[in-house]
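This report describes how two chains meet and how selected helices pack against each other. Please keep the sequence and the coordinates in view while reading.

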Amino acid sequence: MGTATLLKDPYNLIITGVGGQGNVLASRVLGNLLADKGFSITIGETFGASQRGGSVMSHMRISAEASWSPQIPQGKADMIVALEPVEALRVLHTYGHPGIKIISNTRSIYPVGVISGDQKYPSMDELKKTIEELSEKTWFIDATSAAMELGHPIFGNIMMVGALAKTGVLPIDRDSFEKVILRTMGKEKTPVNLKAFDMGAEMIN
Amino acid sequence: MSQLYEGKKGEKCLFMGNQAIARGALEAGVSVAAGYPGTPSSEIIENLAEVSKETNLYVEWSTNEKIAAEVAAAASFAGLRSMCVMKQNGVNVASDFLLHLVLSGTRGGMVLVPCDDPGALSSINEGEARHFAKLLEIPLLEPGDFQEAKDMMKWAFELSEEIRNLVMFRSVTRLSHASGSVELGEIPQTDPKAQFNYNGFILDPMEGPIVSAPVAYKHGLQQDKLKKAQELFEVSPFNTYVGPENPEILLITSSGATLYSREAIQLCNAKDKVGLLKLGTTFPLPAKLIEKHLKTTDKILVVEEVLPFMEENLKVLAQELAPRVGQKTFFGKRSGNIPITGELNPDLVATALAGILGQTYAPQNPEYTTKATQQAFFNAPTRDLTFCPGCPHRASFWSIHNVLAEDNREGFVCGDIGCYSMAFLPSGFSTLKTLHAMGSGTGVASGFGKLGQFGLNQPVVSVCGDSTFFHSGMPALVNAIHHKSDITMVILDNSGTGMTGFQSHPGLAVDAQGNEAPALDIPTICRAFGATVEICDPFYPFKTQQIFHRLLEMPGVKVLIMRQICALSPEKKRKKAFEMSVDKEICLGENCGCNKLCTRVFRCPGLRWDDETKVATIDEVICAGCGMCAAICPSGAITRKEAA
């Protein structure tokens with residue numbers, strides 16, 4: 001405890017996705033992991049009605065000094081972890097700035113307006129280009145396909161946590177991850193989550 | 001083993017606000033906790049229920065909020081510490097009982113915990129419980145962060161015992177559903193005994209019967225209690241000040257807005273100019289403390305959610321104090337500096353603060369913002385709320401909507417609160433035409449059903465969830481039957497309180513603590529009331545529509561129970577009943593007369609229209625395998641195979 005340092009204080013992380021993708025769980029795991037390291041963590045979450053097919057966001061403030069508001073001010077996010085690519089763009093619109101970093105899953109989940117034909121979902125190439133233009137550094141990974149290989153798309157959230165760890169922007173290591181998973185999910189679920197974490201990390205070059 | 005109960009004194013935990021509140025109650029030695037599920041309050045009772053086996057604690061999901069308050073009050077009357085928990089609307093339901101309770105007074109510490117939802121993130125109103133504190137004439141506590149959520153909750157019980165009356169402890173979504181660091185205190189190992197004493201003198205508050213009469217006398221006592229609370233508030237450690245001795249602006253705030261205000265001062269780089277007075281005790285206001293701070297400056301900014309509750313109370317107080325502190329200029333909601341509706345955030349507070357300071361607050365680089373706005377506009381399609389893949393409500397409303405359209409008499413549906421509220425949107429085929437409080441669909445329908453004598457001859461339908469049926473649907477149904485109103489009540493029975501996370505209710509064979517419980521059978525109840533009752537499975541739309549058609553033709557009160565378990569229920573989650581596929585040879589695509597019925601109208605998130613091949617496809621990541629879409633395709637191109 002106390003040895004890890006932050007690139008910036010507070011470090012502002014947003015985890016975003018669509019209700020049902022395991023957004024909240026990913027933020028809890030990360031929050032607990034970083035709290036174990038002695039950081040002061042505040043997490044603001046939207047869920048409830050937002051769960052039903054809506055956009056979901058967790059705002060995480062990581063600080064060595066103080067607790068911060070559960071809502072990150074506009075233009076002040078340092079890193080976005082997006083479980084769904086359009087959600088990355090949506091978050092950039094409000095919280096982005098030229099120095100922001102992004103890890104995004106490439107598997108789309110169509111909003112109901114796209115399914116009905118009222119709206120268009122952009123092509124993945126267009127979406128990637130747009131996100132790259134609006135940020136300093138981006139990583140695109142197909143976490144959902146990898147998660148399907150592991151047995152269920154829900155593991156995509158933990159793959160994104162593994163990917164985030166590998167980028168090195170935050171002091172997240174495999175051992176601390178294992179400790180948190182063991183404590184919060186139990187022995188039985190730990191191996192598969194560790195596997196997901198590793199697979200996510202491998203996807204970052 | 002849960003940290004909530006096992007966590008030792010001095011240990012630091014990352015707790016959700018609702019967990020902090022639950023832990024505070026445990027540290028206060030709470031014995032009885034009752035509530036009705038409602039976002040953002042539900043996790044308080046859930047967390048307490050989870051640890052109830054480890055200690056002598058009784059926890060229940062009551063039938064509705066009024067009963068939750070009554071159950072908690074009984075414990076208080078017997079000398080135990082108790083709490084009742086609900087979302088903001090719940091206080092409306094409980095208020096009739098509470099208005100009597102605050103006159104009769106309490107014995108064991110009793111705390112009312114409403115969780116408000118500024119911005120209505122998961123509500124259909126942003127009403128506030130704070131106004132009830134004034135109406136009920138009881139002390140109001142509002143924690144400003146996660147640590148306080150725990151510490152103040154513990155203190156709330158002590159305060160209630162000190163004044164022998166109910167105390168309101170109000171949280172908001174951004175505290176209840178946010179998480180932060182909490183240092184734990186001790187959970188006392190006591191063994192409180194319950195005993196209801198009533199043989200004393202009629203006016204003896206501890207030994208006599210507990211009644212609200214004589215009213216004027218008891219009302220006087222109640223006012224004395226409030227004054228006593230106010231005196232305690234003057235020295236409360238939950239009211240804090242940070243800032244210069246004579247600030248240019250005194251920012252007075254409370255609750256979740258405290259966190260925004262603190263950050264806004266930082267964003268404006270105004271630590272030397274702005275003083276932050278954070279109040280944890282917001283009604284009645286601590287007059288002497290306020291006087292002390294009003295003397296230090298002339299400009300006051302009040303930051304709170306949602307309506308100007310504290311602002312107005314402060315202004316009354318400032319007017320009384322004016323001879324001693326001088327005339328003040330107030331900024332806040334009434335002056336237009338802070339929005340009067342919706343939730344706040346650090347940017348809104350920073351904008352207000354900067355405006356008063358004569359600065360500008362520009363959070364983002366304008367060039368970047370313009371580019372990002374354009375890109376988001378063109379490339380980020382909006383994500384409207386919809387029923388989950390595999391949700392039985394989509395299937396139910398499909399049948400209700402189609403039958404009413406075929407019936408062709410301009411029939412309509414009255415709705416109320418639950419996931420099924422979303423049926424006023426296109427994802428529920430815009431079927432709901434009225435939408436109000438819990439149980440209101442059937443009450444409103446009961447009224448419409450009596451308008452025949454004035455010429456109304458449209459079929460009247462109501463929808464009501466299974467938990468809502470017990471909460472407040474039953475009296476409405478009784479009313480319709482007794483008054484021979486012509487309505488068809490559809491009970492959307494998904495076997496749990498779906499919207500808030502699948503809590504138990506009286507129709508289920510299990511209670512909040514996981515004990516076996518007698519399940520009350522909804523069809524039997526409705527038949528006993530005198531209604532014609534039918535049951536169907538909405539995933540079989542042909543049969544469902546046949547029955548619904550028949551009931552619509554019949555006079556009197558008919559109940560159709562559409563029964564199918566919620567797709568998110570623990571039994572169903574992640575298990576597909578069917579593997580779905582689209583036969584590309586059979587799907588006629590754009591040449592079919594259906595005009596993309598499955599995606600354009602049915603709109604299940606598990607379906608996609610493939611723009612290249614021009615046929616429907618199944619999104620395997622999303623599809624829940626309910627099988628319903630196989631029944632709606634006119635060509636029979638969507639097929640289902642039982643999952644292995």
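The text below takes up the domains, then the contact between the chains, and then two helix pairs.

**Domains of chain B**

The model is predicted, and the domain assignment of chain B divides it into domain 1 (3-234), domain 2 (240-357), domain 3 (392-563) and domain 4 (578-642). Between the C-alpha centres of domain 2 of chain B and domain 3 of chain B there is a separation of 47 Å.

**Contact between chains A and B**

Across the interface, 52 residues of chain B are in contact with 56 residues of chain A. On the side of chain A that touches chain B, at least two residues each are supplied by helix 1 (23-36), strand 2 (40-45), helix 2 (85-95), helix 3 (112-115) and helix 4 (124-133) of chain A. Of these elements, strand 2 of chain A gives the largest share, with six residues. By class, this side of chain A consists of 24 nonpolar, 26 polar and six charged residues.

Strand 2 of chain A also pairs across the interface, since three bridges join it to strand 9 (residues 178-183) of chain B, and the two strands run antiparallel. Within this pairing, Gly44(A) has Ala178(B) in strand 9 of chain B as its bridge partner.

**Two helix pairs in chain B**

Two packed helices are described by the angle between their axes and the distance between the axes. The table lists both values for each pair.

| Helix pair | Angle | Axis distance |
|---|---|---|
| helix 2 (residues 17-27) of chain B and helix 3 (residues 42-51) of chain B | roughly 50 degrees | within 8 Å |
| helix 5 (residues 88-104) of chain B and helix 9 (residues 215-234) of chain B | about 80 degrees | 8 Å |

With axes that cross at roughly 50 degrees, helix 2 of chain B is therefore oblique to helix 3 of chain B, and the crossing of these two helices is right-handed. Helix 2 of chain B brings Asn18(B), Gln19(B), Ile21(B), Ala22(B) and Ala25(B) to this contact, where they meet Glu43(B), Ile44(B), Asn47(B) and Leu48(B) of helix 3 of chain B. The residues of the contact divide into five nonpolar, three polar and one charged.

For the other pair, the angle of about 80 degrees means that helix 5 of chain B and helix 9 of chain B are roughly perpendicular to each other. Here Val102(B), Leu103(B) and Ser104(B) of helix 5 of chain B make the contact with Val215(B), Lys218(B), His219(B) and Gln222(B) of helix 9 of chain B. This contact has three nonpolar, three polar and one charged residues.

Methods. Residues are numbered from 1 along each chain as its sequence is written. Chains are lettered from A and ligands numbered from 1 in the order in which they are written. This is a predicted model: local features need pLDDT of at least 70, side-chain atom pairs count only at pLDDT 80 or more; totals for chains, interfaces and linings use all residues. Domain bounds come from an automatic or database domain assignment. Two residues are in contact if their C-beta atoms, placed from the backbone, lie within 7 Å. Helices (H or I, at least four residues) and strands (E, at least two) are DSSP runs, numbered from the N terminus. Ala, Val, Leu, Ile, Met, Phe, Trp, Tyr, Cys and Pro count as nonpolar, Asp, Glu, Lys and Arg as charged, and the others, Gly among them, as polar. Two strands pair if DSSP finds at least two bridges between them. Axes are lines fitted to C-alpha atoms, for helices over the stretch in contact, and angles run from 0 to 180 degrees between N-to-C directions. Angles under 35 degrees count as roughly parallel, over 145 as roughly antiparallel, 65 to 115 as roughly perpendicular and the rest as oblique. A crossing is left-handed if the near helix is turned anticlockwise from the far one by less than a right angle, and right-handed if clockwise.
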